[in-house]
Amino acid sequence: MNKLKPLIDVLSATILNGPPGWEDREVRGVFASDLISDILVSDGEETLLLTSLLSDQVLRTADVIGAVAVVLVNRRHIPAALTKAATKQGLPLFSAPLSKFNACVRLGPLMEMA
Amino acid sequence: MKASELKFPGLECIRPSEPEISGGYTSDLLSDVMANLKEGDALITIQAHKNTIAVAALMGASAVIFCHGRVVSPDVLEAAAKENISVFVSTGNQFNTTCAFAKALGE
Amino acid sequence: MSPVQQPEEDISLRIQELAGNLKIRDVMTRHVFAVTRTCTMRDVQTIMKNNAISGIPVVDSNHVVGMVSVHDIMSAFEQDWMADAVADHMTTGVRTLSEEQPLSFAMSAFSKFPYRRFPVVNRKNELVGMVTLRNINVALIQELSRQLATMETEGGRVTPPASSDSCIFYRTYRLARYDFESGGKASAELREQLRVRGVAPKTIRRAAVACYELEINIIAHSHGGTLTLYIDRDCVRITANDFGPGIPDVEQAMTEGYSTANDWIRSQGFGAGMGLPNTKRLSDEFAIQSGVDMGTMIKSIVNLNTSEELSDESK
């Protein structure tokens with residue numbers, strides 16, 4: 001099982017919301033999707049969610065499936081409301097400069113090792 | 001890499017086509033695909049409908065890989081044939097399909 | 001005399017929901033006219049006429065042994081039996097309902113049998129009331145008005161039906177078409193309610209996702225509607241009710257990958273055609289009914305205290 005910190009590091013992601021102790025949260029799997037419907041069908045526990053969606057619904061969905069954290073890929077400008085909502089929810093939120101493809105490729109070896 | 005050479009566990013080629021696969025792009029948002037997919041990329045997605053093929057063709061994608069073992073309907077295959085795009089189905093999700101794809105491609 | 005035991009399948013979901021936890025006891029008429037075997041047909045006719053009722057049970061030490069209907073009285077007039085004891089001309093083999101049974105049993109009984117009234121008995125098989133279609137209609141209309149009234153005044157907070165003693169949480173949410181902002185409120189509340197009660201995380205997730213799918217379904221695909229959460233000790237019941245347009249082919253809608261979503265809905269990340277199949281997969285019980293131009297009603301039940309807790313621990 002991986003801790004969240006090294007995964008965020010390998011993505012060179014910036015922290016939008018990092019509630020105390022986020023570094024040590026444990027990640028069992030990674031799920032990458034831009035469709036809420038798809039995320040809702042996922043079965044994994046303690047998931048790190050990669051997505052390029054920027055709606056509030058992403059955070060609600062993450063909450064509903066009990067995701068450990070959300071990484072927004074592909075993006076530079078994140079709506080302030082989104083960060084605010086994540087803070088309110090206590091959900092770790094990050095922004096990565098990578099495409100979802102490259103983010104998966106970078107996380108792959110780490111997840112395989114675990 | 002030719003479509004016939006792309007192999008990893010859980011991947012099935014339903015319709016091979018000639019264009020070489022040179023990279024990959026993983027997305028379910030067609031607007032994102034239109035903005036970022038590079039020519040020769042294989043599009044890894046769960047959106048198994050005709051619009052996906054139309055956008056992939058527009059951007060010069062070499063192949064589409066549908067994740068979650070999606071059943072591909074005949075009209076999607078027909079459109080892919082017309083546009084000369086390879087069609088694959090992977091039983092994995094986008095994350096592990098992307099990882100396996102990148103490995104197979106030697107990235 | 002044989003008690004009525006009926007499945008509930010033949011009653012519409014919407015009515016079932018309205019009947020909720022009402023029991024036959026809650027709607028029956030308690031003030032019952034009954035006669036003994038030795039009363040005459042004329043006695044019965046007098047009681048009927050004076051009290052404007054059309055059927056009277058015949059009892060023997062409080063046990064129902066027969067019924068006399070207006071039809072029986074008419075026959076008695078024709079055949080000149082008015083002075084005879086009711087025992088000679090009553091209808092025997094009467095079907096009774098138990099006061100403990102849910103109201104939906106009574107509704108099934110009325111659709112299955114041609115009778116207009118059923119005697120209601122207690123556990124000791126003694127006559128305690130009568131139930132007619134009128135009783136049921138009045139109860140359903142009262143429940144409907146009560147729900148509407150509380151929704152209007154309390155912005156969605158509906159108090160549970162009085163008879164639902166095991167209810168822990170009950171709330172109705174109003175959802176408008178394309179109001180994605182409101183989507184997720186019910187599921188967030190459901191999560192929290194289950195979390196503080198120590199429900200297994202896997203079960204919470206199943207219930208929350210099923211709820212969220214149904215919320216989004218109303219928002220993305222209907223003209224608007226309501227979602228009701230009902231939690232008791234054993235299960236979570238989620239009911240989604242919308243005002244149309246209805247689903248022409250429910251079987252198709254239940255197929256994975258089938259979606260009528262437009263591009264805008266897809267751009268919101270929805271509309272991959274997995275919502276309903278996913279809800280069904282996550283539910284322990286699932287039912288859907290839809291009428292074109294009328295609306296759709298979906299019921300999802302997730303059992304609490306299932307073996308998921310055990311399997312979680314064994315991992």
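1. How many bridges join strand β2 of chain C to β3(C)? In this predicted model, 2 bridges join β2(C), residues 35–36, to β3(C), and the two strands run parallel. One pair can be named: C:Thr36 stands opposite C:Val59 of β3(C).

2. β3(C) covers residues 55–60 and is mostly covered, with 5 of its 6 residues buried. Besides its pairing with β2(C), β3(C) pairs with strand β4 of chain C, residues 63–69, in the antiparallel sense over 6 bridges. Within this pairing, C:His63 in β4(C) is the bridge partner of C:Asp60. β3(C) and β4(C) form a hairpin with 2 residues between the strands. In this hairpin C:Ser61 has a positive phi, near 45 degrees.

3. Chain C as a whole is divided into domain 1, residues 2–136, and domain 2, residues 166–314. Their centres, taken over C-alpha atoms, are separated by 40 Å. In the contact between them, 7 residues of domain 1 of chain C meet 13 residues of domain 2 of chain C.

4. A cis peptide bond should be noted in chain C. The bond runs from C:Gly244 to C:Pro245, and its omega is near 10 degrees. C:Pro245 sits in the loop that connects β10 (235–242) and α10 (250–253) of chain C.

5. Chain B holds an open sheet of 5 strands in the order β1-β5-β4-β3-β2, with mixed pairing. At the edges are β1 (11–15) and β2 (23–26) of chain B, each of which pairs on one side only. On average, neighbouring strands of this sheet are turned by 25 degrees against each other, direction ignored. The edge strand β2(B) pairs with β3(B), residues 41–45, in the parallel sense over 4 bridges. B:Gly24 has B:Ala42 of β3(B) as its bridge partner.

6. Helix α3 of chain B, residues 74–83, lies across three strands of chain B: β1, β4 (63–66) and β5 (86–90). Relative to β1(B), the helix runs at about 70 degrees. The loop between α3 and β5 of chain B contains B:Asn84. This residue, which is not glycine, has a positive phi near 60 degrees. B:Asn84 is partly exposed because its relative accessible area is 29%, a value between the limits of 20% and 50%.

7. B:Thr52 belongs to helix α2 of chain B, residues 50–59. Its relative accessibility is 0%, so B:Thr52 counts as buried. Leaving aside residues up to four places away in sequence, B:Thr52 touches B:Leu30, B:Leu43, B:Thr45, B:Gln47 and B:Phe66.

8. In chain A, helix α5 spans residues 100–113 and has 14 residues. From its first C-alpha to its last the helix reaches 20 Å, close to the 20 Å expected at 1.5 Å a residue. α5(A) nevertheless bends by about 35 degrees at A:Leu107, and the proline A:Pro109 follows within four residues. A:Leu107 itself is buried, and other buried residues of α5(A) include A:Phe101, A:Cys104, A:Leu110 and A:Met111.

9. A further backbone point in chain A concerns A:Ser12, in the loop between α1 (4–10) and β2 (14–17) of chain A. Its phi is near 50 degrees, a positive value in a residue other than glycine. A:Ser12 counts as partly exposed because its relative accessibility is 45%.

Note on methods
Residues are numbered from 1 along each chain as its sequence is written. Chains are lettered from A and ligands numbered from 1 in the order in which they are written. This is a predicted model: local features need pLDDT of at least 70, side-chain atom pairs count only at pLDDT 80 or more; totals for chains, interfaces and linings use all residues. Side-chain values use heavy atoms; hydrogens and water are left out. The expected span of a helix is 1.5 Å times one less than its number of residues. The bend at a residue is the angle between axes fitted to the seven residues ending there and the seven starting there. Buried means under 20% relative accessible area, exposed over 50%, partly exposed in between (1.4 Å probe, protein chains only). Two strands pair if DSSP finds at least two bridges between them. Axes are lines fitted to C-alpha atoms, for helices over the stretch in contact, and angles run from 0 to 180 degrees between N-to-C directions. Contact means heavy atoms within 4.5 Å. Domain bounds come from an automatic or database domain assignment.
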